[in-house]
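Please open the model in your viewer, switch to a cartoon view with side chains available on demand, and follow the selections below in the order given.

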Amino acid sequence: MRTLTFLLLLSLGLQLFAQKEIEEKAIQNFYTTCRDIKITALNYKNMGIQSFFYGKYEKSIEHFEASLERDASLCDSWYLIGYSYQQLGKYEKSIESCDKSLELNPWSISAYIIKGYSNLYLNNTMEALRNFEKAKEIDPAKIDPYYGIALVRYYEEDFDSAREELSEYLETNTDRVSKKDYRALNDLGEKLQLID
């Protein structure tokens, strides 16, 4: 029993040591990319989203899976499953779910964003950047990919590139963003200003 406990604690410790602490809040908005063909599938998807507000991510996954049973083409449910796994700290499962969403719709900006953050939390910055860049290519008006790229650059200590990314977004986009997203963008910008 002691050996099992030791191995469990060692495994958990190694996992925590391997993950760089990400202090900043992620900007991950949900953009609908698939048409809901069946109303029951839509209802289950919406119940899954409602569960987010209560932090019940396991329940969310159950609802999204139920929506996929009713409509297997509902790619949004797959990236929402990915988001749920991400919130549970199961980043590999998050990436797998986002990949399933992208198989159904390779233009799903939300799947790329969620996949990007999951890779960032696994310290795979190269893959995170690839995903954020793809999301930016799909929709250059959205805040999510710019912030994701700037955040990766910040953690790589490439502060000039991070500043440039935020400046590019602020100079070229007139999209309305939520107060929460703007606050996150502003906070990162202020941290970058304090660094020479």
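Begin at Glu157, the residue that comes after helix H8 and has a positive phi, near 65 degrees. Keep in mind throughout that this is a predicted model.

**Helix H8**

From Glu157, step back and select helix H8, which covers residues 143-155. Its 13 residues should span 18 Å at 1.5 Å a residue, and the end C-alpha atoms are indeed 18 Å apart, so the expected and the modelled lengths agree. Is this helix mostly covered or mostly open? It is mostly covered, since twelve of its 13 residues count as buried under the cut-off of 20% relative accessible area. Colour the buried ones and you will pick out, among them, Ile143, Pro145, Tyr146, Tyr147, Gly148 and Leu151, together with Tyr154 and Tyr155 towards the end of the list. To see what does the covering, display H6, H7, helix H9 (159-172) and helix H10 (179-193), which are included in the cover over the buried residues of H8.

**The loop before H8**

Next, select Ala141, which sits in the loop between H7 and H8. Ala141 is partly exposed, with a relative accessible area of 26%. Now add Asn173 to the selection: although 32 residues separate Ala141 and Asn173 along the chain, their C-alpha atoms are 5.8 Å apart. Leaving aside residues up to four places away in sequence, Ala141 touches Tyr169, Asn173 and Asp175.

**A pocket between two helices**

Keep H9 and H10 on display and turn to the second largest pocket, which holds about 190 Å³ of space. Which elements give two or more residues to its lining? They are H9 and H10, and H10 gives the most, with seven residues. To outline the second largest pocket, select its lining residues, including Arg163, Leu166, Ser167 and Leu170, and also Tyr182, Leu185, Asn186, Gly189 and Glu190.

**Helix H4**

Now move towards the N terminus and select helix H4, residues 75-87. H4 has 13 residues and reaches 19 Å from its first C-alpha to its last, close to the 18 Å expected at 1.5 Å a residue. Eleven of those 13 residues are buried, so H4 is largely enclosed by the rest of the structure. Among the buried residues of H4 are Cys75, Asp76, Tyr79, Leu80, Ile81, Gly82 and Tyr83. The buried residues of H4 pack against helix H2 (39-52), H3, helix H5 (91-104) and H6, so far as you wish to display them. After H4 comes Gly89, whose phi is positive, near 80 degrees.

One residue of the neighbouring helix deserves a stop of its own: Ser101, found in helix H5. Ser101 is buried, with a relative accessible area of 0%. Apart from residues up to four places away in sequence, Ser101 touches Cys75, Trp78 and Tyr79, as well as Ser108 and Ala111.

**Aromatic pairs**

Show the rings of the aromatic side chains, for which the count comes to 13 aromatic pairs when ring centres must lie within 6.5 Å. Tyr57 and Tyr83 form one such pair, arranged edge-to-face, at 6.4 Å centre to centre and with 70 degrees between the planes. Because Tyr57 lies in helix H3 (residues 57-70) and Tyr83 in helix H4, the pair ties together parts that are 26 residues apart in sequence. Tyr57 is buried, with a relative accessible area of 15%, and Tyr83 is buried as well, at 14%.

A second pair to select is Tyr117 with Phe132, again edge-to-face, at 5.0 Å centre to centre and 75 degrees between the planes. Tyr117 lies in helix H6 (residues 109-121) and Phe132 in helix H7 (residues 125-138), so this pair ties together parts that are 15 residues apart in sequence. Both Tyr117 and Phe132 are buried. To finish with the rings, select Phe30, Phe52, Tyr57, Phe64, Tyr79 and Tyr83 together, which ring pairs link into a cluster.

**The whole chain**

Finally, zoom out to the full protein, whose secondary structure comes to ten helices and zero strands. Of its 196 residues, 43% count as buried. Among contacts between residues at least 6 apart in sequence, 62% join residues at least 24 apart. If you switch on the surface, its accessible area comes to about 11,400 Å², of which 53% belongs to carbon and sulfur atoms.

Notes: Residues are numbered from 1 along each chain as its sequence is written. Side-chain values use heavy atoms; hydrogens and water are left out. Rings of Phe, Tyr and Trp (its six-membered ring) pair if their centres lie within 6.5 Å; planes under 30 degrees apart count as stacked, over 60 as edge-to-face and the rest as tilted. Helices (H or I, at least four residues) and strands (E, at least two) are DSSP runs, numbered from the N terminus. Buried means under 20% relative accessible area, exposed over 50%, partly exposed in between (1.4 Å probe, protein chains only). Contact means heavy atoms within 4.5 Å. Accessible areas come from the Shrake-Rupley method with a 1.4 Å probe; for residues, only the protein chains shown count as cover. The expected span of a helix is 1.5 Å times one less than its number of residues. On a 1 Å grid over the protein atoms alone, a cavity is a set of points where a 1.4 Å probe fits but cannot get out, and a pocket is an open set with protein on both sides within 12 Å along at least five of seven lines; lining residues have an atom within 4 Å of a point. Grid points are joined across faces, edges and corners, and a volume is the space filled by probe spheres set on the points.
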